[in-house]
Amino acid sequence: MKNQIKMFSFKNIFRIVAFLEGVSYILLLFIATPIKYLANDPQYVKMLGMPHGLLFIAYIAMAFMLKNDYKWNNKTFWMVMVASIIPFGTFYIEKKILKTA
């Protein structure tokens, strides 16, 4: 029972959201956007845009909620925030900050 509770901790949910946000951002930037402009087909941007937006908002909101729990200083907190707008940034945060927190 303890492992089950630990598996669904807020930190683990944030790690999942960070991963999904990173994947959706990469797909949007490197797959959907080129298809939109090179093939004149915006359907992939429309399909990936909303899920990415929701994941981005969830990532930012959860980062604010975790800031005090993990006693992130301002530098660490802003690294977590800026990572959401840099391709592959959330993967770095997950590996360097969330895994050790």
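**Close-up 1. N40, a loop residue in this predicted model, is exposed.** Its relative accessibility is 68%, and exposed means over 50%, so N40 counts as exposed. Where does N40 sit? You will find N40 in the loop between α2 and α3. Look at the backbone here too: the phi of N40 is positive, near 55°, in a residue other than glycine.

**Close-up 2. Helix α2 runs from residue 10 to residue 38 and bends at L28.** The bend at L28 is about 35°. How far apart are the end C-alpha atoms of α2? They are 40 Å apart, which agrees with the 42 Å that 29 residues should span at 1.5 Å a residue. Just after the helix comes N40, the residue with the positive phi from the first view.

**Close-up 3. Several residues of α2 are buried.** Among them are F14, V17, A18, E21, Y25, I26 and L28. Try spotting the rhythm as you go along the helix: an α-helix has 3.6 residues a turn, so residues three or four places apart point the same way. What covers the buried residues of α2? The cover includes α3, α4 and α5.

**Close-up 4. Helix α3, residues 43–69, bends at G49.** The angle at G49 is about 30°, and a proline, P51, follows within four residues. For the 27 residues of α3, a span of 39 Å is expected at 1.5 Å a residue; the end C-alpha atoms lie 40 Å apart, in agreement. After α3 comes K71, and its phi is positive, near 50°.

**Close-up 5. α3 has buried residues of its own.** Which ones are they? H52, L55, Y59, I60, M62, A63 and L66 are the buried residues of α3. Their cover includes α2, α4 (74–83) and α5 (89–98).

**Close-up 6. A nonpolar patch lies on the surface.** Five residues make this patch of about 450 Å²: L27, L29, F30, I31 and F88. F30 belongs to helix α2, whereas F88 is in the loop between α4 and α5. How open is F30? Its relative accessible area is 47%, and partly exposed covers values between 20% and 50%, so F30 is partly exposed. F88 is partly exposed as well, with a relative accessible area of 47%. The backbone of F88 deserves a look: its phi is positive, near 70°, in a residue other than glycine.

Definitions and conventions:
Residues numbered from 1 in each chain as written. Predicted model: local features only at pLDDT ≥ 70, side-chain atom pairs only at ≥ 80, totals over all residues. Heavy atoms only, no water. Patch = residues over 30% accessible without salt bridge, like charges linked within 9 Å, V, L, I, M, F, W, Y side chains within 5 Å. Areas by Shrake-Rupley, 256 points an atom, 1.4 Å probe, with all protein chains shown as cover. Salt bridge = Lys/Arg side-chain N within 4 Å of Asp/Glu carboxyl O. Helix = DSSP H or I, 4+ residues; strand = E, 2+ residues; numbered from the N terminus. Buried < 20%, exposed > 50% of the residue type's maximum accessible area, 1.4 Å probe, protein only. Expected span 1.5 Å × (residues − 1). Bend = angle between axes of the 7 residues up to and from the residue. Contact = heavy atoms within 4.5 Å.
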